[in-house]
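Work through the exercises below with the sequence and the model side by side, trying each task before reading its solution.

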Amino acid sequence: CVVIYDGELYPGEVQSQQGNSYEVSTMAKSGGYWKIPKEDKIFYTRDKIKQKLAIPILINARGLYKFPDFPE
């Protein structure tokens with residue numbers, strides 16, 4: 001999914017739901033791609049989750065990904 005945090009968009013994966021909040025593990029920007037940080041889970045309300053994303057494409061062995069449908 002795409003979440004909004006501090007006015008910026010980040011790709012992430014919903015890990016759990018508690019009431020009206022969703023625990024999302026987000027990715028970090030690395031150059032023109034995205035990487036999975038060690039641990040970055042935050043609860044977001046539904047209005048902060050903007051859209052569903054397709055599964056990311058692994059770019060290299062260093063764990064960098066791209067999303068063909070991530071909004072720029």
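**Exercise 1. Decide whether Phe70 is buried or exposed, and find the ring that it pairs with.**

Phe70 has a relative accessible area of 11%, and because buried means under 20%, exposed over 50% and partly exposed in between (1.4 Å probe, protein chains only), Phe70 counts as buried. This is a predicted model, in which local features need pLDDT of at least 70 and side-chain atom pairs count only at pLDDT 80 or more, while totals for chains, interfaces and linings use all residues. Residues are numbered from 1 along each chain as its sequence is written, and side-chain values use heavy atoms, with hydrogens and water left out.

For the pairing step, rings of Phe, Tyr and Trp (its six-membered ring) pair if their centres lie within 6.5 Å, with planes under 30 degrees apart counted as stacked, over 60 as edge-to-face and the rest as tilted. By this rule there are three aromatic pairs. In one of them Phe70 is joined to Phe67, with 6.4 Å from centre to centre and 45° between the planes, a tilted arrangement. Phe67 is buried as well, since its relative accessibility is 12%. Ring pairs link both of these residues with Tyr10 and Trp34 into a cluster.

**Exercise 2. Describe the surroundings of Thr26.**

Begin with its place, which is in strand E3; strands (E, at least two residues) are DSSP runs, numbered from the N terminus. Thr26 is buried, because its relative accessible area is 5%. Next, list its contacts, where contact means heavy atoms within 4.5 Å: leaving out residues up to four places away in sequence, Thr26 touches Val3, Tyr10, Pro11, Gly12, Pro37, Asp40 and Tyr44. Finally, look at Asp40, whose side chain is joined to that of Thr26 by a polar contact of 2.9 Å. Such a contact is a pair of N or O atoms within 3.5 Å; within protein, one must be able to donate a hydrogen and the other to accept it, and residues adjacent in sequence count only if both atoms are side-chain atoms.

**Exercise 3. Compare Tyr5 and Lys35 by exposure and by the C-alpha distance to a partner remote in sequence.**

Tyr5 lies in strand E1 (residues 2–5) and is partly exposed, at 39% relative accessible area. Beyond its neighbours within four places in sequence, Tyr5 is in contact with Tyr10, Ile42 and Tyr44. Its C-alpha atom is separated by 21 Å from that of Pro68, which is 63 residues apart from Tyr5 along the chain.

Lys35 belongs to strand E5 (residues 33–35) and is also partly exposed, with a value of 37%. Lys35 and Tyr65 are 30 residues apart in sequence, and their C-alpha atoms are 6.1 Å apart in space. Setting aside residues up to four places away in sequence, Lys35 touches Met27, Ala28, Ser30, Gly63 and Leu64.

**Exercise 4. Examine the backbone of Asp6 and say where the residue lies.**

Asp6 is not a glycine, yet its phi is positive, at about 50°. To place the residue, follow the chain into the loop between E1 and E2, where Asp6 lies. The last step is its accessibility: Asp6 is exposed, because its relative accessible area is 68%.

Note on methods
Helix = DSSP H or I, 4+ residues; strand = E, 2+ residues; numbered from the N terminus.
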